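Please open the structure in a viewer and keep the sequence panel beside it. The tour below proceeds by selection, one stop after another.

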Amino acid sequence: TALAPARPALPATGAAPGGREAGPQPVATGLAELMPPRPLLAPAVPGDQQDGAGRDQHGGPEQAGFPAALPPAPLPPAPAPLQDSGAPLPVPAGDAPQPSAGQEARTAPRPMAELPAAGRGEASEHPAPAPTAEDGGRRLLVWPEPDPATRQALQERGYHPVIVRSREEVDAQVAGFPAALFVDPLTGPITRTALQSLRTAALNSRVPVLVTAGLGQATRDAAYGADPAVLLRALAPRDGENHAPRVLLVEGDPDIAAAMISSLERRGMHVEHAADENDAVARASSVQPNLVVMDLFQIRRRRVGLLDWLRANDRLHRTPLVVYTSVDLDPRELPRLRTGETVLFLAERSTTADVQSRIVDLLGRIGAMGEAGVAAAG
């Protein structure tokens, strides 16, 4: 399937109330007239099934998905609703079984007081990964193909982006100790089937997984039933068939948090909500999340936080991290989430300079932590 062209960067905007980045001002006052950004998941193909690389194979059951793109206003007629029964997704073969008592003892969470001294308090920017002689930079697995601006930012940080489209391509790169699997759907929509396959391969190979997204808000008709939980459930590994995925949600706005929790719990996930990163670290020991979902601007760039807790407790490589931006959310419209007039959906992330910088910095931290783990293992 041909990838859609990358969207141009959004214009720089000012700060909205509460520190949240303000999006473009609406042309019309009615939220139903606003055009939400492109949803992340590719559309369903009736009667076809997509393989691990996102290619269509005729004869399989219909796959649930979201529209690949939304055209300019006015809204077109809504396509067929999302075909998803709500039944639990099958557990991939790579998902780990429930650990035994002995394993629990060996992997008991460590409190923040036991974290290594390096990294506590204020710290400078994490250094760029050291280039290798083989390809001029540390490998970073990416899907889909990164847009030019993101590719350049990654290369300037010392990374060599390697595009992977299937589980086999991830497995072929493991020997090179890739820093992470970076799923950044700016150049085209993704599929739930392929996302689950790549996530499973990465986690089996102890490769951290980082997924970016943006939050959109629209009426139920305009959102076309694009439930965030469809994508997030495909990302969340479970401890076993009888255990619900545990999601740690880090979100400071109560309306956004309530809408996200409701969406995830309807799909059978257990959600632990933290208002900020400090709260998230305090709750992480008890919940031991299978998936972390958080606002990008909640992540502290130069202080110890949730990433350090995940690394210290050997969970960084087996807990996918989804970071989202909220540039397209109008703070004045958020109360409508509470009344059910509008819903949230996951869309492509913002591409402002600040967002780009934060994401590359986050990848740098993950890569530096991975290098320390490889060195310790060696």
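What percentage of the 378 residues of the chain count as buried? The share is 52%, where buried means under 20% relative accessible area, exposed means over 50%, and partly exposed lies in between (1.4 Å probe, protein chains only).

This is a predicted model, in which local features need pLDDT of at least 70 and side-chain atom pairs count only at pLDDT 80 or more, while totals for chains, interfaces and linings use all residues. Residues are numbered from 1 along each chain as its sequence is written, and side-chain values use heavy atoms, with hydrogens and water left out.

**The whole chain**

Begin with a cartoon of the entire chain, in which 11 helices and 11 strands are present. These elements are DSSP runs numbered from the N terminus: helices are H or I with at least four residues, and strands are E with at least two. Switching to a surface displays about 16400 Å² of exposed area, 55% of which is supplied by carbon and sulfur atoms. Such areas come from the Shrake-Rupley method with a 1.4 Å probe, and for residues only the protein chains shown count as cover. Among contacts in the chain with a separation of 6 or more, 78% join residues 24 or more positions apart; a contact means heavy atoms within 4.5 Å.

**Strand 3 to helix 2**

Select Trp143 and Pro144 next. The peptide bond from Trp143 to Pro144 is cis, with omega near -10°. Pro144 belongs to the loop between strand 3 (138-143) and helix 2 (148-156). Moving into helix 2, select Ala149, which is partly exposed at 44% relative accessible area. Add Ala353 to the selection: 204 residues separate Ala149 and Ala353 in sequence, yet their C-alpha atoms are 9.9 Å apart.

**Phe177**

Proceed to the loop between helix 3 (167-173) and strand 5 (181-183), where Phe177 is found. Although Phe177 is not a glycine, its phi is positive, at about 50°.

**Helix 6 and helix 7**

Select residues 228-235, which form helix 6, and residues 254-266, which form helix 7. At what angle do helix 6 and helix 7 pack? The angle is about 60°, and the axes are 9 Å apart. Axes are lines fitted to C-alpha atoms, for helices over the stretch in contact, and angles run from 0 to 180 degrees between N-to-C directions. The crossing of helix 6 and helix 7 is right-handed: the near helix is turned clockwise from the far one, whereas an anticlockwise turn by less than a right angle would make a crossing left-handed.

Show side chains at this contact. Helix 6 contributes Pro228, Ala229 and Leu232, and helix 7 contributes Met260, Ser263 and Leu264. By class, these residues comprise 5 nonpolar, 1 polar and no charged. The nonpolar class holds Ala, Val, Leu, Ile, Met, Phe, Trp, Tyr, Cys and Pro, the charged class Asp, Glu, Lys and Arg, and the others, Gly among them, count as polar.

Stay in helix 6 and select Leu231. Leu231 is buried, with a relative accessible area of 2%. The C-alpha atoms of Leu231 and Thr191 are 8.6 Å apart, across 40 residues of sequence.

**Helix 8 and its surroundings**

Glu277, in helix 8, is the next selection. Is Glu277 buried or exposed? Glu277 counts as buried, because its relative accessibility is 3%. Leaving aside residues up to four places away in sequence, Glu277 touches Val250, Gln298, Ile299, Arg300, Gly305, Leu306 and Leu307. Of these, Gly305 lies 28 residues from Glu277 along the chain, with 6.5 Å between their C-alpha atoms.

Select Val304 as well, in the loop between strand 9 and helix 9 (306-312). Val304 is buried at 18% relative accessible area. Its C-alpha lies 9.7 Å from that of Glu277, at a sequence distance of 27 residues.

**Gln288 and strand 9**

Select Gln288 in the loop between helix 8 (277-287) and strand 9. Gln288 has a positive phi of about 45° without being a glycine, and at 17% relative accessibility it counts as buried.

The last stop is Asp295, in strand 9 (residues 291-295). Asp295 counts as buried at 5% relative accessibility. An unreviewed UniProt entry places the feature "modified residue: 4-aspartylphosphate" at Asp295. UniProt positions are given in the numbering used here, feature names are shortened, and annotations may be inferred rather than shown by experiment.
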